[in-house]
Amino acid sequence: MLTIKQIEENRDYVVERLAVKHFQAAQLVDQIIGQSVARRQCITRTEAIQAELNQNARSIGQLLKEGRKEEAEAAKQTTAALKAQLTSLSSELDALEMQLKHLVVQLPNLPHQSVPQGRAAADNVEVRSGGQLPVLDGTALPHWELAQRYDIIDFELGVKITGAGFPVYKGQGARLQRALIAFFLDEAVRAGYTEYMPPILVNEDSGFGTGQLPDKEGQMYHATADNFYLIPTAEVPVTNMYRDVILRSSDFPVRMTAYTPCFRREAGSYGKDVRGLNRLHQFDKVELVCLEHPDRSYATLDAMVEHVESLLVKLQLPYRILRLCGGDMSFTSALTYDFEVYSAAQNMWLEVSSVSNFESFQANRLKLRYREEGEKQTRLAHTLNGSALALPRIVAALLENNQGPEGIRIPEALRPYTGFDTIQ
RNA sequence: GGAGAGAUGGGUGAGCGGUUUAAACCGGCAGUCUUGAAAACUGUUGUAGGGUAACCUACCGGGGGUUCGAAUCCCUCUCUCUCCGCCA
């Protein structure tokens with residue numbers, strides 16, 4: 001969420017920027033500023049009474065110590081009225097703060113200056129592309145049929161043991177999963193990220209910290225007996241490691257990577273978009289999370305984009321990089337690049353990574369701060385994250401694009417990890 | 001699952017209703033000394049909010065209560081640790 005200070009000091013700028021996300025903020029922003037003024041006045045009055053009560057209690061203590069009992073009793077009488085005032089003021093203050101928070105959380109993050117205008121996916125701007133679009137003959141199969149032919153992914157079996165969207169990987173298919181995870185992690189570590197293996201169940205506080213709760217509760221699987229949630233992405237446990245932390249500016253950059261399975265309930269989708277590996281309830285992903293100094297977060301965003309791109313180049317997949325337009329961006333992001341790979345038999349671009357700078361929007365919720373060398377005051381850090389990469393759609397593209405009469409060719413870079421060069 | 005103990009600043013840890021404005025030690029930072037370092041010594045060192053400022057307010061796991069006054073007493077919830085049982 002944005003800070004009240006940000007909103008109060010840049011009223012017009014906030015409204016103007018949010019218009020890029022097609023969010024009409026003027027009324028909400030003015031309400032927030034009004035509430036904030038009221039809140040401050042209420043605080044001033046409340047604290048004056050608290051100070052008086054404290055003073056009173058101290059002097060009663062002093063009087064009792066000196067044995068001046070009657071004066072002490074008299075002083076006790078005067079506190080009753082003050083306490084009544086305090087009670088009413090502090091419930092007024094509670095109400096004001098609740099309303100204010102309720103209003104503030106409705107404001108999305110401000111889009112960066114470079115975010116393109118636009119309403120929907122069609123308005124996203126392609127910043128780069130790479131790789132060769134494969135030319136397949138008429139016998140080319142979609143990945144779900146290839147999976148069956150080579151007996152490497154069993155969707156039916158997953159339905160039997162769990163349900164739709166929980167595939168079983170088998171033989172060379174399972175080995176391919178393990179190879180991709182190891183490859184992605186090794187590449188991230190080589191690029192300077194520290195590898196983590198976090199819990200994949202998180203508590204309620206962590207869900208709040210990264211913003212899944214309370215609004216998107218329905219997207220996560222909930223283990224009710226212990227009130228834990230299955231993570232939808234490694235971003236949740238990894239980012240929450242830094243909840244309520246104050247860093248030094250010399251601690252930046254903090255670069256972390258983690259492989260985890262990810263769980264998404266994703267109710268409401270149907271049709272060809274969810275065929276095969278296109279959309280699953282459980283999938284594997286290697287995630288990057290960076291904590292950065294505000295002055296350098298966009299340089300770090302660029303570095304993350306280059307890292308993800310290098311993975312796709314090594315996997316020899318045709319890809320394009322999109323800068324998301326205001327209308328297609330997430331609530332929390334200031335600037336997002338999506339990576340799509342071409343899935344030849346489906347004749348579709350599939351999103352395999354989304355790399356975002358959240359600036360201080362997420363850090364404010366997390367209370368993740370840092371201190372400039374020699375300064376007492378704390379400031380909010382910037383947080384960034386991105387997938388590097390999500391496996392299922394990579395696998396879909398690898399299977400479809402590399403199919404041939406001899407089987408499915410494994411790209412050179414993966415062979416040390418798979419131990420085979422063809423799926424047969 | 002059973003029994004017990006506990007939760008205090010970056011860490012260890014005092015504190016048993018009113019100079020707690022949270023001791024002490026360790027760590028951190030700055031300085032003195034030193035060719036440099038170490039040691040020693042001196043100073044400094046929580047977070048958030050309000051106020052032009054002096055200064056004030058809140059926070060000792062969360063919430064509620066008793067009291068003129070609560071880190072301290074009471075209730076409640078959560079979490080952690082130890083032992084036993086079970087288990088990879």
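**Close-up 1. Polar contacts between side chains and RNA strand B in the predicted model.** In this predicted model, a polar side-chain atom of Gln50 lies 2.7 Å from a sugar or linking oxygen of RNA strand B. Thr44 also approaches the backbone of the strand, with an N or O atom of its side chain 3.1 Å from a sugar or linking oxygen. The side chain of Glu47, by contrast, places an N or O atom 2.8 Å from a base nitrogen of RNA strand B.

**Close-up 2. The protein surface near RNA strand B.** RNA strand B is surrounded by 20 residues, of which the closest are Glu47, Gln50, Ala57, Arg371 and Thr378. Of the strand atoms that come within 4 Å of the protein, 73% belong to sugar and phosphate. Helix α3 contributes the largest share of this surface, eleven residues, while α3, α4 (69–104), β8 (246–248) and β14 (369–371) each supply at least two residues. Sorted by class, the surface comprises eight charged, six polar and six nonpolar residues.

**Close-up 3. Helix α3 and the residue that follows shortly after its end.** Helix α3 runs over 40 residues (26–65), and because a rise of 1.5 Å a residue predicts a span of 58 Å, the 58 Å between its end C-alpha atoms agrees with expectation. Just after α3, Gly67 adopts a positive phi of about 80°.

**Close-up 4. The aromatic pair Phe166 and Tyr221.** Six aromatic pairs are found when the whole structure is searched. In one of them, the ring centres of Phe166 and Tyr221 are 6.4 Å apart and the planes meet at 55°, so the pair is classed as tilted. The two residues lie 55 residues apart and link distant parts of the chain, Phe166 being in the loop between α6 (155–161) and β3 (168–169) and Tyr221 in the loop between α8 (204–209) and β6 (222–223). Phe166 counts as buried at 16% relative accessibility, whereas Tyr221, at 23%, counts as partly exposed.

**Close-up 5. The aromatic pair Phe331 and Phe361, and an aromatic cluster.** The rings of Phe331 and Phe361 have centres 6.0 Å apart and planes at 75°, which means that the pair is edge-to-face. This pair, too, links distant parts of the chain, with Phe331 in the loop between β11 (319–323) and β12 (335–343) and Phe361 in helix α11 (residues 361–366), 30 residues apart. Phe361 is buried, with a relative accessible area of 5%, while Phe331 is partly exposed at 36% relative accessibility. Elsewhere, Phe183, Phe184 and Tyr417 form one aromatic cluster.

Key:
Residues are numbered from 1 along each chain as its sequence is written. Chains are lettered from A and ligands numbered from 1 in the order in which they are written. This is a predicted model: local features need pLDDT of at least 70, side-chain atom pairs count only at pLDDT 80 or more; totals for chains, interfaces and linings use all residues. Side-chain values use heavy atoms; hydrogens and water are left out. Helices (H or I, at least four residues) and strands (E, at least two) are DSSP runs, numbered from the N terminus. The expected span of a helix is 1.5 Å times one less than its number of residues. Rings of Phe, Tyr and Trp (its six-membered ring) pair if their centres lie within 6.5 Å; planes under 30 degrees apart count as stacked, over 60 as edge-to-face and the rest as tilted. Buried means under 20% relative accessible area, exposed over 50%, partly exposed in between (1.4 Å probe, protein chains only). A residue is near a molecule or strand if one of its heavy atoms lies within 4 Å of it. A polar contact is a pair of N or O atoms within 3.5 Å; within protein, one must be able to donate a hydrogen and the other to accept it, and residues adjacent in sequence count only if both atoms are side-chain atoms. Ala, Val, Leu, Ile, Met, Phe, Trp, Tyr, Cys and Pro count as nonpolar, Asp, Glu, Lys and Arg as charged, and the others, Gly among them, as polar.
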